[in-house]
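The following questions and answers examine a protein model, working from single residues to the whole chain.

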Amino acid sequence: MTIDNSTTNAMDIPARKTFMRKTGYLLSVFLVILLAAGCNGDSNGATDDGGAGGDADAGPECLTDADCTPPETCQADNTCAYIPDPDDNKAGGAFDLQMDYAGLHGAITVSGKFDGMYLYMNYGGLVEYNQTEDRTEMQIFGLVTNQLLNALVIHLPRDCPTGQSIKFGAGGVAIGTLDRAELDSDGYEIKRTSVGEIIDGTIAFSDYDYNAGSPVVGTLQVSFRVIK
């Protein structure tokens, strides 16, 4: 039996063309999907790489404190951060005064920091017994300019023991403020503003008497709250 291949092949041509068209269409669709996925993948990769590269190429956040917004400062890793100063808003030292002595006098060695600035209280002091208020009032001064003084103002009971600490703040009997006193051209005080409040600390006397002319000698350690 002989098969006529030409007849069979002729009858198969339309079917082959249809099959090839379908196959070509499916391949085209498949290629489009692959290309789209490849583009998206490249795009995401470029974005991710670009982002990482951008961060790496941006350089340090800061080189000096001037590159940061206060109170932040430039840290060792070249980033800006606020690190509270454990010594800020504190003062301490010694004083040697005389009760009811007229005018600034005495030896003062009190220093510290307040609101980020160094505080030097060595310009003399005053201490007096206020009969009206029945309390001892002490002031220690620090010269800022010819027309501005820092004044550490402390109010105490009339009778202060020697050889033991007297507490400021919660549960204490001593209170105080840090004031700014403005002076005129002749050195007279014309204005005073409280810029800090003593919220913690102690004062201790080695010599104390509220009678005029008596020595008032001791040490103090105080912490401030800044008054804005």
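Q: Is Arg-192 buried, partly exposed or exposed in this predicted model?
A: The model is predicted, and Arg-192 lies in strand β11, which spans residues 189-207. The relative accessible area of Arg-192 is 30%. Buried means under 20% and exposed means over 50%, so a value of 30% makes Arg-192 partly exposed.

Q: With which side chains does the side chain of Arg-192 make polar contacts, and at what distances?
A: One polar contact joins the side chain of Arg-192 to that of Asp-179, at 3.3 Å. Asp-179 also appears in the list of residues that Arg-192 touches beyond four places in sequence, along with Gln-139, Phe-141, Ala-151, Val-153, Arg-180 and Ala-181. A further polar contact links the side chain of Arg-192 to the side chain of Glu-189, at 2.9 Å. The partners are therefore Asp-179 at 3.3 Å and Glu-189 at 2.9 Å.

Q: What distance separates the C-alpha atoms of Arg-192 and Ala-151?
A: Ala-151 is among the residues that Arg-192 touches. Along the chain, Arg-192 and Ala-151 are 41 residues apart. Their C-alpha atoms are separated by 9.2 Å.

Q: How many bridges join β10 to β11, and how many join β8 to β10?
A: Strand β10 (residues 175-183) runs antiparallel to strand β8 (residues 148-157), and β10 and β11 run antiparallel as well. Arg-180 in β10 is the bridge partner of Asn-150, and Arg-180 also stands opposite Thr-193 in β11. The count is 7 bridges for β10 with β11 and 8 bridges for β8 with β10.

Q: Which residue takes a positive phi in the hairpin of β10 and β11?
A: The hairpin has 5 residues between its strands. A phi near 90° is found there, and the residue that takes it is Gly-187.

Q: Is Ser-214 buried or exposed?
A: Ser-214 lies in the loop between β11 and β12, the latter covering residues 215-226. Leaving aside neighbours within four places in sequence, Ser-214 is in contact with Leu-97, Gln-98, Met-99 and Asp-209. Its relative accessible area is 13%. Buried means under 20%, so Ser-214 is buried.

Q: What is the relative accessible area of Pro-215, and which residues does Pro-215 touch?
A: Pro-215 is placed in strand β12 and is partly exposed, with a relative accessible area of 42%. The C-alpha atoms of Pro-215 and Tyr-101 are 9.9 Å apart in space, although the two residues are 114 residues apart in sequence. Not counting residues up to four places away, Pro-215 touches Leu-97, Asp-207, Tyr-208 and Asp-209.

Q: What is the handedness of the disulfide of Cys-62 and Cys-74?
A: Cys-62 and Cys-74 are joined with an S to S distance of 2.2 Å. Cys-62 lies in the loop between α1 (5-57) and β1 (73-74) and Cys-74 in strand β1, so the pair ties together parts that are 12 residues apart in sequence. Both Cys-62 and Cys-74 are buried. The torsion about their S-S bond is about 90°, so the disulfide is right-handed.

Q: What is the handedness of the disulfide of Cys-68 and Cys-80?
A: The sulfur atoms of Cys-68 and Cys-80 are 2.1 Å apart. Cys-68 lies in the loop between α1 and β1 and Cys-80 in strand β2 (residues 80-81), so this pair also ties together parts 12 residues apart in sequence. Cys-68 and Cys-80 are both buried. Because the torsion about the S-S bond is about -80°, the disulfide is left-handed.

Q: What is the pairing of the bonded cysteines in sequence order?
A: The structure holds 2 disulfides. One joins Cys-62 to Cys-74, and another joins Cys-68 to Cys-80. Numbered in sequence order, the bonded cysteines have the pairing 1-3, 2-4.

Q: How many helices and strands does the protein have?
A: From the N terminus on, the elements run α-β-β-β-β-β-β-β-β-β-β-β-β. The secondary structure therefore comes to 1 helix and 12 strands.

Q: What share of the residues in the protein is buried?
A: The protein exposes about 14,600 Å², of which carbon and sulfur atoms supply 55%. Cys-160, with a relative accessible area of 8%, is one of the buried residues. Among the 228 residues in the protein, the buried share is 28%.

Methods: Residues are numbered from 1 along each chain as its sequence is written. This is a predicted model: local features need pLDDT of at least 70, side-chain atom pairs count only at pLDDT 80 or more; totals for chains, interfaces and linings use all residues. Side-chain values use heavy atoms; hydrogens and water are left out. Helices (H or I, at least four residues) and strands (E, at least two) are DSSP runs, numbered from the N terminus. Buried means under 20% relative accessible area, exposed over 50%, partly exposed in between (1.4 Å probe, protein chains only). Contact means heavy atoms within 4.5 Å. A polar contact is a pair of N or O atoms within 3.5 Å; within protein, one must be able to donate a hydrogen and the other to accept it, and residues adjacent in sequence count only if both atoms are side-chain atoms. Accessible areas come from the Shrake-Rupley method with a 1.4 Å probe; for residues, only the protein chains shown count as cover. A disulfide is a pair of cysteine sulfur atoms within 2.5 Å. Two strands pair if DSSP finds at least two bridges between them.
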